[in-house]
Amino acid sequence: LSDMSRLALVLNLPAVLSQSMFAPACDCSWVSQNRDGCTATDGSHCWSECCLNANCECSWATAFACAKNDDGTPCWRKCCRNGCDCSWSNEAGACDQFDGTPCWHSCCGATGESKDMLSGDETGALVVGRTSRQHNLEPDGSSMIDFYARDGRLYANGHPFLIKGCNWFGSESGALPPGGLDYHDVSFYTNFLVDNGFNALRLLFNHESATAGGHIKPPREAPGLRGLDYLDMFLALAQEAAAAGLLVMFAAHRLRPDAWPGHGLWYDSEMTEEQVLHSWTLVAERLCGQWNVFAADLVNEPHAASWGMGNPDTDWDKAAARIGNHVHSVCPRWLIMVEGVGYDPGAPGSNEAATGWWWGENIFGAAKRPVTLKDQTKLVYSPHTYGPSVFEQEYFSDVSFPNNMPSIWMTHFASIQLSTKQPLVVGEAGGKFVGKDRHWQEKLVDFLLWRHIGLFYFCLNPDSDDTGGLLQADWQTPESDKLRNLERFVGTKVSDVRYHRRRRHE
């Protein structure tokens with residue numbers, strides 16, 4: 001049977017379809033103008049011709065529009081459901097360039113679902129709609145990337161993978177999107193990052209907004225975020241990132257919008273660890289089904305925490321294991337990123353201010369007290385480190401600077417890669433890139449490449465007072481000197497590994 005004959009049998013419309021063989025052609029412009037007209041048949045040949053053949057104009061069918069306007073009509077099904085032949089998308093590089101069509105979204109993953117899941121589902125295709133209504137979907141292994149640790153390196157689908165990411169802040173300070181969306185839409189920033197060789201985003205959230213469930217207030221350049229709650233906003237941002245070929249890591253930056261720097265622990269008197277776990281449950285349920293969301297950064301810079309000092313109220317190594325295992329109970333595929341502590345109380349052998357530990361940098365204690373997850377292949381240590389434009393540490397004034405920095409970094413965090421065999425990804429590093437800071441950043445890129453350590457640069461936003469960003473104050477002009485330095489840091493293209501899976505032992 002032909003496709004039309006099958007559809008006729010399903011809808012019990014053989015007479016209408018048979019008429020279409022002999023009737024004149026119909027003007028179907030009304031279908032695009034009023035999609036409600038296709039909801040129920042009027043028995044005419046032209047309803048059949050226009051609605052069953054779905055002669056629809058689909059330029060409206062963005063991920064957001066499809067999620068919000070599921071009217072059940074043939075035009076919605078044609079424009080928003082996976083009715084596409086996706087065999088072409090399995091070729092290397094086929095999905096690198098977005099062509100604006102719904103079939104690209106369906107085949108290449110901008111909707112966050114795999115081709116197989118979309119093609120067989122009769123409940124509605126797009127992940128913004130489905131994931132927000134059905135949080136407990138299991139990820140479809142055909143499109144999810146298998147990230148794991150082995151011998152101090154990060155792998156993706158069996159291939160060595162170097163993260164070259166960027167921080168985009170703003171969403172941690174309330175039920176808000178990240179900064180800059182009053183200047184440009186999301187795609188401007190994701191395309192800017194991809195064009196400059198980045199493969200990942202670090203997006204920040206706060207636990208209070210994640211659990212509150214209220215709607216956000218998007219700026220004018222982000223109308224597609226209107227009406228979404230805080231977590232659905234992050235899902236929509238992740239989908240936009242997927243369309244550009246970017247991975248996304250979500251980082252718990254603070255407990256509440258106004259709680260920075262806070263008390264420096266993963267909980268406080270107003271938000272218990274149990275409430276933090278509940279927040280992570282909501283985050284993981286909402287975002288696990290999105291293929292390019294690949295990692296959870298458990299807490300930002302727990303500077304007042306200890307590491308391996310035997311105090312259950314402050315020992316971050318034990319708490320990170322509890323929270324990480326909890327996240328894995330909801331989303332076992334995610335990498336768990338664990339940041340370091342500060343110097344007070346720090347860890348045994350690393351609790352002296354004079355040694356110049358940055359908040360979040362101190363993972364020294366992991367050599368003797370490593371974080372232990374149920375799935376240790378998903379553990380990544382993620383220290384933060386900064387240069388002279390943020391604070392003038394004593395070692396920046398050493399006569400050997402910047403050549404003294406590799407030994408500092410080895411002591412502060414990089415030796416843990418050797419002792420624990422876990423990979424490292426620096427979660428924040430950046431600066432103004434002038435004077436001594438320029439020399440520091442150039443040396444850092446050299447060091448990270450040498451040690452195969454990933455990086456989330458800080459930051460995209462130009463309004464970070466002590467670092468600046470990759471864009472100037474107009475949110476459009478690139479900081480070309482910074483980008484030229486980072487150009488040397490070549491990350492792995494997501495498209496090179498997503499559809500090229502090797503077994504882990506290969």
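Which residues does D463 touch, not counting residues up to four places away in sequence? I would like to open with that question, and to come back to its answer once we have a picture of the whole chain.

What we have here is a predicted model. The protein has 506 residues, of which 56% count as buried, and it contains 18 helices and 11 strands. If we take the contacts between residues at least 6 apart in sequence, 72% of them join residues at least 24 apart. The protein exposes about 20500 Å², and carbon and sulfur atoms supply 52% of that area.

Let me begin the tour with a pair of helices, α10, which covers residues 186–195, and α12, which covers residues 230–244; their axes come within 9 Å and cross at roughly 40 degrees. Angles under 35 degrees count as roughly parallel, and α10 and α12 are therefore described as oblique to each other. Their crossing is right-handed, and the contact is made by V186, S187, T190, N191 and V194 on the α10 side, with L237, E240, A241 and A244 on the α12 side. As a general point, an α-helix has 3.6 residues a turn, so residues three or four places apart point the same way.

Next come two helices that can be checked for length. Helix α13 has 15 residues, which at 1.5 Å a residue should span 21 Å, and its end C-alpha atoms are indeed 21 Å apart, so expectation and model agree. The buried residues of α13 include W280, R286 and L287. Helix α14, residues 316–330, also has 15 residues and an expected span of 21 Å, and its end C-alpha atoms lie 21 Å apart, which agrees. In α14 the buried residues are W316, D317, A319, A320, A321, I323, G324, V327 and H328. What covers these buried residues? Among the elements that do so are α13 (273–287), β7 (293–297) and β8 (335–338).

Moving along the chain, we reach some backbone details that deserve a careful look. Most residues other than glycine have a negative phi, and most peptide bonds are trans. In this model, however, the peptide bond from D344 to P345 is cis, with omega near 10 degrees, and P345 lies in the loop between β8 and β9, the latter being residues 379–381. The peptide bond from F401 to P402 is cis as well, with omega near 5 degrees, and P402 is found in the loop between β9 and α15 (405–420).

After that loop we meet a run of helices. The helices α15 and α16 pack at an angle of about 30 degrees, with their axes 11 Å apart, and α15 and α16 are therefore roughly parallel to each other. α15 passes α16 in a right-handed crossing, and the residues making the contact include W409, M410 and F413 of α15, together with W440, L444 and F447 of α16. How, then, does α16 meet α17? The axes of α16 and α17 come within 9 Å and cross at roughly 25 degrees, and these two helices are therefore also roughly parallel to each other. This crossing is right-handed too, and the contact is made by R438, Q441, E442 and V445 of α16 and by D481, N485 and L486 of α17.

Two residues in the surrounding loops have a positive phi. F433, in the loop between β10 (425–429) and α16 (436–451), has a phi near 65 degrees, a positive value in a residue other than glycine. Is F433 buried or exposed? Residues under 20% relative accessible area count as buried, and F433, at 4% relative accessibility, therefore counts as buried. The other is W475, which has a positive phi of about 60 degrees although it is not a glycine. W475 is found in the loop between β11 (454–457) and α17 (480–487), and W475 is buried, with a relative accessible area of 6%.

That brings us back to D463, which is found in the loop between β11 and α17. D463 is partly exposed, with a relative accessible area of 45%. Setting aside residues up to four places away in sequence, D463 touches F169 and W475. Although D463 and F169 are 294 residues apart along the chain, their C-alpha atoms are separated by 9.9 Å. So the answer to the opening question is F169 together with W475, the buried residue with the positive phi.

Terms used
Residues are numbered from 1 along each chain as its sequence is written. This is a predicted model: local features need pLDDT of at least 70, side-chain atom pairs count only at pLDDT 80 or more; totals for chains, interfaces and linings use all residues. Side-chain values use heavy atoms; hydrogens and water are left out. Helices (H or I, at least four residues) and strands (E, at least two) are DSSP runs, numbered from the N terminus. Buried means under 20% relative accessible area, exposed over 50%, partly exposed in between (1.4 Å probe, protein chains only). Contact means heavy atoms within 4.5 Å. Accessible areas come from the Shrake-Rupley method with a 1.4 Å probe; for residues, only the protein chains shown count as cover. The expected span of a helix is 1.5 Å times one less than its number of residues. Axes are lines fitted to C-alpha atoms, for helices over the stretch in contact, and angles run from 0 to 180 degrees between N-to-C directions. Angles under 35 degrees count as roughly parallel, over 145 as roughly antiparallel, 65 to 115 as roughly perpendicular and the rest as oblique. A crossing is left-handed if the near helix is turned anticlockwise from the far one by less than a right angle, and right-handed if clockwise.
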